[in-house]
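The following paragraphs lead the reader through one molecular structure, from individual side chains to the packing of strands and helices. The sequence and coordinates are best kept in view throughout.

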Amino acid sequence: MSGLKMNQYFLSSVVLLLSCVGCYTNQSATVELEESNIDAILQHNEVVLVNFYANWCRFSQMLKPIFEEAAKAAKVEFPQQGKVVFAALDCDKNPTLAKRYHISKYPTLKLFRGGRLAKREYRSQRQKDAFLTFVREQLKDPIVRLGKPEEVSGLDETKRKLIGYFRTDDASEYDTFRRVASVLRDDCSFFAGVGDAFSKELAPGPSIMYRPPRSRDQDMLYLGSLTNPELLQAWSNDKCVPLVREITFENGEELTEEGLPFLILFHKPEDTGIVQKYTEVIMRELISERGNVNFLTADGTKFTHPLHHLGKTPADLPVISIDSFRHMYLFPNINELTVPGRLKQFVADLHSGKLHREFHHGPDPVQTNAAPGSPKTQPQGGKTDPPESQFVKLKPSENRYTLLRDEL
């Protein structure tokens, strides 16, 4: 090889080496997702935290270096392949994927466990340590192992619980239980009794039961297949995610993002009787409205601001209201809660537009038994004036997200 060619070869090798070093040192720890790799990455890793972003969004740009710093730290802390992945998806380049996961704001952080989308987004602090703490929590076993049968009676009575009994923890029934626990760990507590110590409970075979809050004698036995995760999850979801939920300052943003009007009972925290009555009426008369309305309870001693806008104070509790995200409407008489059809009609008046119509034009005319030829209706009262929605303010803040207006 001539001297000139040798020099050219050497220079080319140096340039290639420097390029490779540059590629390595600038390599991102965050895995970029797209149509070609998303399914494989989600399915083959235990925990995947995904940042759905847009490059033009300033909040996405602010998060990017923090998320990358956390991704690098995670690779050091969890070096095992298939354990933890920090990933990102450019929603402008992948609009189909953004639509699949219902992205309505940037940046949105979603968690996947074993390929399954977790019900709740990540909404905590956007800091490296917070991300790592969150991931550590997701890697913990969602099932608490019981040592002896007597421990069941000492479990927290305020929590919803699923309790399973299994001969071994490598049985297919236990694996089904574990998979469901992983998905619903934020909604229920999961406990398992395994082995000879639970021989009495295992006499009829492996079993799973649900124990409602504040009860010891209302256990509900699961009667479906113990090896069918989809069937067990559907049953467990019905038990762990109640028809009537409590709204708090911590979950308010999440509930508003579901986009459904709120029917809210504001009550004193010690008044469990009114909560029970309210729940019973909803289950008896309004269960068909699930998916159209969010049935909620709220501690009225904490949510004083919405009460103030309704012209009420904690001294007036209990109070029932609808928040349509435009206006708040007060249920006229709390003493009529258990009167058949009263609460159902209140919700029906929201759907029909009657509540909003009366806001603009006053109460609808009332039908009369007038003589033939005379007017059959007469006006009733003047224009109403319901306050503006207060819970709409719990929706994602424009100081934290870029909101997609056509989605919210």
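In this predicted model, E121 has a relative accessibility of 18% and counts as buried, because the cut-off for that class is under 20% relative accessible area. E121 takes part in a salt bridge with K110, in which the closest N and O atoms are 3.5 Å apart. The pair ties together parts that are 11 residues apart in sequence, because E121 lies in the loop between β6 and α5 (128–139), whereas K110 lies in strand β5. K110 likewise counts as buried, at 10% relative accessibility.

A second salt bridge joins the side chains of E253 and R123, with an N to O distance of 2.4 Å. This pair links distant parts of the chain: R123 is in the loop between β6 and α5, E253 is in helix α8 (residues 252–257), and the two positions lie 130 residues apart in the numbering of the pair. E253 counts as buried at 18% relative accessibility, whereas R123 is partly exposed, with a relative accessible area of 22%. Both pairs belong to a wider arrangement, since a network of salt bridges links K105, K110, E121, R123, E253 and E257.

The structure holds 21 salt bridges. One of them is formed by the side chains of D39 and R100, at 3.6 Å from N to O. Here D39 belongs to helix α2 (residues 38–43) and R100 to helix α4 (residues 95–100), so the contact ties together parts that are 61 residues apart in sequence. D39 is partly exposed, with a relative accessible area of 44%. R100 is also partly exposed, its relative accessible area being 38%.

Strand β5, which carries K110, leads to the sheet. Five strands form an open sheet with mixed pairing, in the order β1-β3-β2-β5-β6. Its edge strands are β1 (31–33) and β6 (116–117), each of which pairs on one side only. Strands of a sheet pair through backbone hydrogen bonds, in either a parallel or an antiparallel sense. Between β5 (residues 108–113) and β6 the pairing is antiparallel and extends over two bridges. Within this pairing, F112 has L117 in β6 as its bridge partner.

Which helix lies across β2, β3 and β5? Helix α3 (residues 58–77) does so, lying across β2 (47–53), β3 (84–90) and β5. The direction of α3 is at about 155° to that of β3.

Attention now turns to a pair of helices. Two packed helices are described by the angle between their axes and the distance between the axes. For helix α6 (residues 172–184) and helix α7 (residues 229–240), the axes come within 10 Å and cross at roughly 45°. That angle makes α6 oblique to α7. The crossing of α6 and α7 is right-handed. On the α6 side, the residues in contact are T176, F177, R179, V180, V183 and L184. They meet P229, L232, Q233, S236, N237 and C240 of α7.

A last position to inspect is S207, which is located in strand β10 (residues 207–211). Is S207 buried or exposed? S207 is buried, with a relative accessible area of 17%. Leaving aside residues up to four places away in sequence, S207 touches I163, G164, Y165, E201, L221 and L226.

Methods: Residues are numbered from 1 along each chain as its sequence is written. This is a predicted model: local features need pLDDT of at least 70, side-chain atom pairs count only at pLDDT 80 or more; totals for chains, interfaces and linings use all residues. Side-chain values use heavy atoms; hydrogens and water are left out. Two strands pair if DSSP finds at least two bridges between them. Helices (H or I, at least four residues) and strands (E, at least two) are DSSP runs, numbered from the N terminus. Contact means heavy atoms within 4.5 Å. Axes are lines fitted to C-alpha atoms, for helices over the stretch in contact, and angles run from 0 to 180 degrees between N-to-C directions. A salt bridge is a side-chain nitrogen of Lys or Arg within 4 Å of a carboxyl oxygen of Asp or Glu. Buried means under 20% relative accessible area, exposed over 50%, partly exposed in between (1.4 Å probe, protein chains only). Angles under 35 degrees count as roughly parallel, over 145 as roughly antiparallel, 65 to 115 as roughly perpendicular and the rest as oblique. A crossing is left-handed if the near helix is turned anticlockwise from the far one by less than a right angle, and right-handed if clockwise.
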